[in-house]
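User: Please take a close look at the ligand and its surroundings, and explain each term for a first-year student.

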Amino acid sequence: MYQPNLFAGKTILVTGGGSGIGKAIAKQYLQLGATVFIASRKLEKLENALTELGQIGDCRYLELNIRDVESIKAAAQNIKEQTGRLDVLVNNAGGQFPSAAELIAPKGWNAVIETNLTGTWLMSQTFAMEFFMPQKEGVIVNIIANIVRGFPGMAHTGAARAGVDNLTKTLAVEWAPYHIRLNAIAPGIIKSTGLDQYPPDLLKGLESKIPMKRLGGTDEVAHLALFLSSPLSNYITGQTIYVDGGQSLWGDVWEVPDFEPKEKI
Ligand code: ADE
């Protein structure tokens with residue numbers, strides 16, 4: 001639907017680009033001519049994704065821990081050496097685990113906040129200063145979650161994602177003079193590997209609780225990332241857009257889990 005060369009000559013970094021929504025986003029940028037860096041902590045995931053994505057276009061990978069400032073700085077340096085510029089940062093990497101709020105231990109809480117909120121912040125600050133501010137041009141797309149009614153069952157990620165939602169607004173205003181645009185995407189329940197971390201019981205019958213009566217596709221999230229980072233959205237900044245089949249307008253989709261949390265992020 002977009003011009004085939006819409007992102008030709010553009011360099012794009014997608015964190016968490018080795019799987020799920022991140023990989024779908026990377027794939028669509030590649031199809032439209034971009035050079036795409038996919039980043040993850042997990043080398044094996046990156047290598048597997050590159051086998052597939054490398055057949056579509058100029059895809060490269062970076063080992064990156066978004067909780068580690070030195071790792072982020074090294075990634076920025078690496079991109080600078082390879083392409084000399086960055087046009088779009090997609091902050092997609094994240095992680096959480098379902099748990100009743102009272103059972104979340106400080107370690108698990110901190111890990112989720114550090115990854116989803118602090119990681120997104122450190123990435124945005126570093127890449128804005130290294131690339132977007134000197135270039136006087138850049139786009140950041142933050143992938144968050146449906147937080148309209150809080151996030152019962154995952155208090156930590158709800159708080160972190162709400163933080164990113166707010167950060168998106170603040171930075172959109174502060175960095176507008178540098179021609180940096182920031183927007184966020186809030187996916188609803190998306191059919192992807194990201195759902196694997198949840199117990200099957202939690203996912204049973206979800207479709208019936210979504211107005212459109214189906215889960216979303218990773219491509220449907222990726223389409224919005226393309227739009228928000230293309231010139232078609234040049235006058236849009238500081239917004240969070242829901243890709244959720246109407247779920248956020250309707251109600252909660254799952255019960256608060258009552259089991260012991262399995263912290264794995
Ligand atoms: N995905 C989940 N956690 C991450 C991290 N700390 N760094 C990069 N990608 C991640």
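Analyst: The following account describes the surroundings of the ligand. This is a predicted model, in which local features need pLDDT of at least 70 and side-chain atom pairs count only at pLDDT 80 or more, while totals for chains, interfaces and linings use all residues. Residues are numbered from 1 along each chain as its sequence is written, and side-chain values use heavy atoms, with hydrogens and water left out.

The ligand is surrounded by Arg-41, Leu-64, Asn-65, Ile-66, Arg-67, Ala-93, Gly-94 and Thr-115; a residue is counted here if one of its heavy atoms lies within 4 Å of the ligand. Sorted by class, this shell holds three nonpolar, three polar and two charged residues. In this sorting, Ala, Val, Leu, Ile, Met, Phe, Trp, Tyr, Cys and Pro count as nonpolar, Asp, Glu, Lys and Arg as charged, and the others, Gly among them, as polar.

Several members of the shell make polar contacts, that is, pairs of N or O atoms within 3.5 Å. A polar side-chain atom of Asn-65 lies 2.8 Å from a nitrogen atom of the ligand. For Arg-41, an N or O atom of the side chain is 3.3 Å from a ligand nitrogen atom. Leu-64 takes part through its backbone, where a polar atom is 3.5 Å from a nitrogen atom of the ligand. Taken alone, the ligand exposes 260 Å², and the protein buries 90% of that; these accessible areas come from the Shrake-Rupley method with a 1.4 Å probe.

Technical notes:
A polar contact is a pair of N or O atoms within 3.5 Å; within protein, one must be able to donate a hydrogen and the other to accept it, and residues adjacent in sequence count only if both atoms are side-chain atoms.
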